[in-house]
Amino acid sequence: MSWGYRLLIVYLLFTGWMGYLVYRSTHVNYELVQDDYYKTELKYQQVIDASKNTSKLSGPVSLNEANGHIDIRFPKEMKNADVKGTAWFYCAYDATKDRHIDLKINRDASQQINIKDFVPGHYVVKFNWTSNDKAYYSELPFTIL
């Protein structure tokens with residue numbers, strides 16, 4: 001086989017591979033974190049302030065999976081307090097798995113969520129809540145099997 005044929009084969013393989021990569025790249029699903037990403041980013045100082053408030057609490061928010069439920073436990077300062085907020089189970093690679101849960105904690109500063117409402121995967125749980133006119137924010141990685 002002469003060098004001309006070898007060069008032609010290399011060229012055809014290269015163009016075929018590039019064509020395949022272009023085809024695959026047009027079929028990749030990409031999603032932003034939020035639809036109004038830039039608008040939310042402008043309010044990020046509020047998240048920083050709420051995170052500072054959370055760091056002053058006696059402990060972090062904790063998540064555990066047990067007996068078909070997700071158990072959320074808040075620090076002891078939230079016991080018997082009026083807490084309003086949300087828990088956003090954010091799945092970075094698939095927005096259809098995201099879940100927004102309203103916080104309805106009991107007197108012991110905990111809440112249980114049925115795990116059947118979730119698709120297994122890796123999540124970042126973003127807690128955003130207020131208590132006694134003070135804002136709090138916390139993020140935790142969480143995996144549902």
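This section describes the strands, sheets and helices of one protein chain and the surroundings of a selected residue. The model is predicted, and the mean pLDDT of the chain is 91, with 96% of the residues reaching 70 or more. Confidence is not uniform along the chain: helix α1 (residues 3-25) has the highest mean, at 96, whereas helix α2 (residues 37-42) has the lowest, at 75.

Two open sheets are considered in turn. One consists of four strands in the order β4-β3-β6-β7, with antiparallel pairing. Strands β4 (99-102) and β7 (134-144) stand at the edges of this sheet; each has a single partner strand, so one side of each is left without a neighbour in the sheet. On average, and with direction ignored, neighbouring strands of this sheet are turned by 15° against each other. Within the sheet, strand β3 (residues 83-90) runs antiparallel to β4, and the two are joined by four bridges. Phe89 has Arg99 of β4 as its bridge partner.

Helix α3 (residues 44-55) packs on this sheet, where it touches β6 (121-131) and β7, and the direction of the helix makes about 85° with that of β7. From its first C-alpha to its last, the twelve-residue helix α3 reaches 17 Å, which is close to the 16 Å expected at 1.5 Å a residue. Three residues of α3, namely Ala50, Asn53 and Thr54, are buried. These residues lie on the same side of α3, because they cover an arc of only 100° around the axis. In general, an α-helix has 3.6 residues a turn, so residues three or four places apart point the same way. The cover over the buried residues of α3 includes β6 and β7, the two strands that the helix touches where it packs on the sheet.

The other sheet is also open and has three strands in the order β1-β2-β5, again with antiparallel pairing. Its edge strands are β1 and β5 (110-114), each of which pairs on one side only. Here neighbouring strands are turned by 20° against each other on average, direction ignored. Strands β1 (residues 62-66) and β2 (residues 69-73) run antiparallel and are joined by five bridges; in this pairing, Glu65 is matched with Ile70 of β2 as its bridge partner. The two strands form a hairpin with two residues between them, and Asn67 in the turn has a positive phi of about 55°. Strand β2 also pairs with β5, in the antiparallel sense and over five bridges, with His69 having Asn114 of β5 as its bridge partner.

The surroundings of Ile144 involve residues from several parts of the chain. Ile144 is found in strand β7, which is an edge strand of the four-stranded sheet. With a relative accessible area of 4%, under the 20% limit, this residue counts as buried. When neighbours within four places in sequence are left aside, Ile144 is in contact with Glu65, Ile70, Ile115, Phe118, Pro120, Gly121 and Tyr123. Among these contacts, Glu65 and Ile70 are themselves bridge partners in the pairing of β1 with β2. The C-alpha atoms of Ile144 and Val119 are separated by 7.5 Å, although the two residues are 25 residues apart along the chain.

How values were computed: Residues numbered from 1 in each chain as written. Predicted model: local features only at pLDDT ≥ 70, side-chain atom pairs only at ≥ 80, totals over all residues. Heavy atoms only, no water. Pairing = 2+ DSSP bridges. pLDDT = per-residue confidence, 0-100. Axes fitted to C-alpha atoms, helices over the stretch in contact; angles between N-to-C directions. Contact = heavy atoms within 4.5 Å. Expected span 1.5 Å × (residues − 1). Buried < 20%, exposed > 50% of the residue type's maximum accessible area, 1.4 Å probe, protein only. Arc of directions from axis to C-beta.
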